[in-house]
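This report looks at a ligand site first and helix packing second.

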Amino acid sequence: MNDFIMQMRPWFGVEEQTALYDYMGSDVFVTEFKKTEQFESMLADFTGARQCVVVNNGTISLTLAALVAGIGPGDEVIVPNYTMIATPNSVKMLGAEPVFVDVEAATLCLDIEKVRKAITPKTKAIMLVSANGRFPLAGIEAFTSLAKQQGLFLIEDAAQSLGSYYPDGRHIGLAGDVGSFSFSAPKIISTGQGGCLVTNDEGLAARIRKMKDFGRESGGSDIHDEIGYNFKFTDIQACIGIEQMKKLRDRIVRKKEIASLYQKLLKDTPQVRLFDHDFRFTCPWFIDALVEDRENLKRHLKEKGVGSRDMYSPINQQKAYQKPGSYPVSEKVGRDGLWLPSYTQLTDAEISRVCDAVSQFYGTRI
Ligand SMILES: *Cc1c(COP(=O)(O)O)cnc(C)c1O
């Protein structure tokens, strides 16, 4: 009853256990092969992508996307100032410069007007992060046309968006040139580490496959006409991923139920402003909110056995970057943003316990 409710937890079951046991019982290489192909085709089917390529994580997937876009030293890539630090770091690795742009208050996705102002002759790409499965108010078309008009590569960092769609029915990640997902522990499905790229461009997918495999001309050969890397997956991870994919549809339903239960239970607690979601399109990955008196709320929740986590602070202020500039929305999130317990296996009773603790702190009604 009084077990600590963590903010996030991956969810594996006996299915993953059995799949791994069975796989290891056969004569296997463990390196990526049939299981990886199966996992890729499940992801392609689910998202409606023509091609899916899995890689070792959801940061390298972004680096790989930027690499095949021809991004290198001296180039600029527009990224949101509110995101996981992996987004800018992924291009920093190639010697390119991330340019931070503030996000919209309602969605925490890139503000297109600010993106327009940040474009310079050095800009090569935009990394659009669909924060928590949301998309920009301006609409995705505004971004695809801006990218086209300016000759920019549009990379969708859809790491938080598996199970979320654009209003035109396309899965998030498929509107730009290439979309990236992550299967790290907090994500809706996990393989421990892992990531993938999806695209409808066959030529681009072929280049991605080549670059993640040492630049090999063809699988298994040692003929290289350009420099590539080793960003490969393993069939062990794929065994887990295949079982996780089988559970994805149910998880999407549950994630939406969890978010609506929080909305219902906290509707009379104005000190906690949950972000709005249109559940027809968005599967909220985490329960995100702007809260009053965040530090004391966190302390109170912890005493009550409830975990929480600060939302990302403005990247330009991170010691790793220290770039000047005024970013009112990401700065506000950095001060007041809090994630409440969000994992898929949360029970209704646990959500009530979390919301009771929150309303008790503010002295509001539940
Ligand atoms: C999780 C996440 C990543 C990084 O993925 P890893 O698999 O942990 O490398 C990148 N971008 C966003 C927006 C994320 O949420």
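The ligand is surrounded by 16 residues. Closest to the ligand are Gly 58, Thr 59, Asp 157, Ser 182 and Lys 187. The model is predicted. By class, the shell around the ligand splits into nine polar, five nonpolar and two charged residues.

Three side chains place an N or O atom at the following distances from an oxygen atom of the ligand.

| Side chain | Distance to a ligand oxygen atom |
|---|---|
| Thr 59 | 2.5 Å |
| Ser 182 | 2.7 Å |
| Gln 160 | 2.9 Å |

Thr 59 and Ser 182 are also among the closest residues to the ligand. On its own, the ligand has 380 Å² of accessible area, and the protein covers 92% of that area.

Now the helices. Two packed helices are described by the angle between their axes and the distance between the axes.

Take helix 2 and helix 8. Helix 2 spans residues 34-47, and helix 8 spans residues 235-265. They pack at an angle of about 25°, and their axes are 7 Å apart. Angles under 35 degrees count as roughly parallel, so helix 2 and helix 8 are roughly parallel to each other. Their crossing is left-handed.

Next come helix 9, residues 294-303, and helix 11, residues 348-362. The packing angle here is about 130°, with the axes 10 Å apart. Helix 9 and helix 11 are therefore oblique to each other. The crossing of helix 9 and helix 11 is right-handed.

How values were computed: Residues numbered from 1 in each chain as written. Predicted model: local features only at pLDDT ≥ 70, side-chain atom pairs only at ≥ 80, totals over all residues. Heavy atoms only, no water. Near = heavy atom within 4 Å. Polar contact = N/O pair within 3.5 Å; in protein donor to acceptor, adjacent residues only side chain to side chain. Areas by Shrake-Rupley, 256 points an atom, 1.4 Å probe, with all protein chains shown as cover. Nonpolar A, V, L, I, M, F, W, Y, C, P; charged D, E, K, R; others polar. Axes fitted to C-alpha atoms, helices over the stretch in contact; angles between N-to-C directions. Helix = DSSP H or I, 4+ residues; strand = E, 2+ residues; numbered from the N terminus. Parallel < 35°, antiparallel > 145°, perpendicular 65-115°, else oblique. Left-handed = near helix turned anticlockwise from the far one by under 90°.
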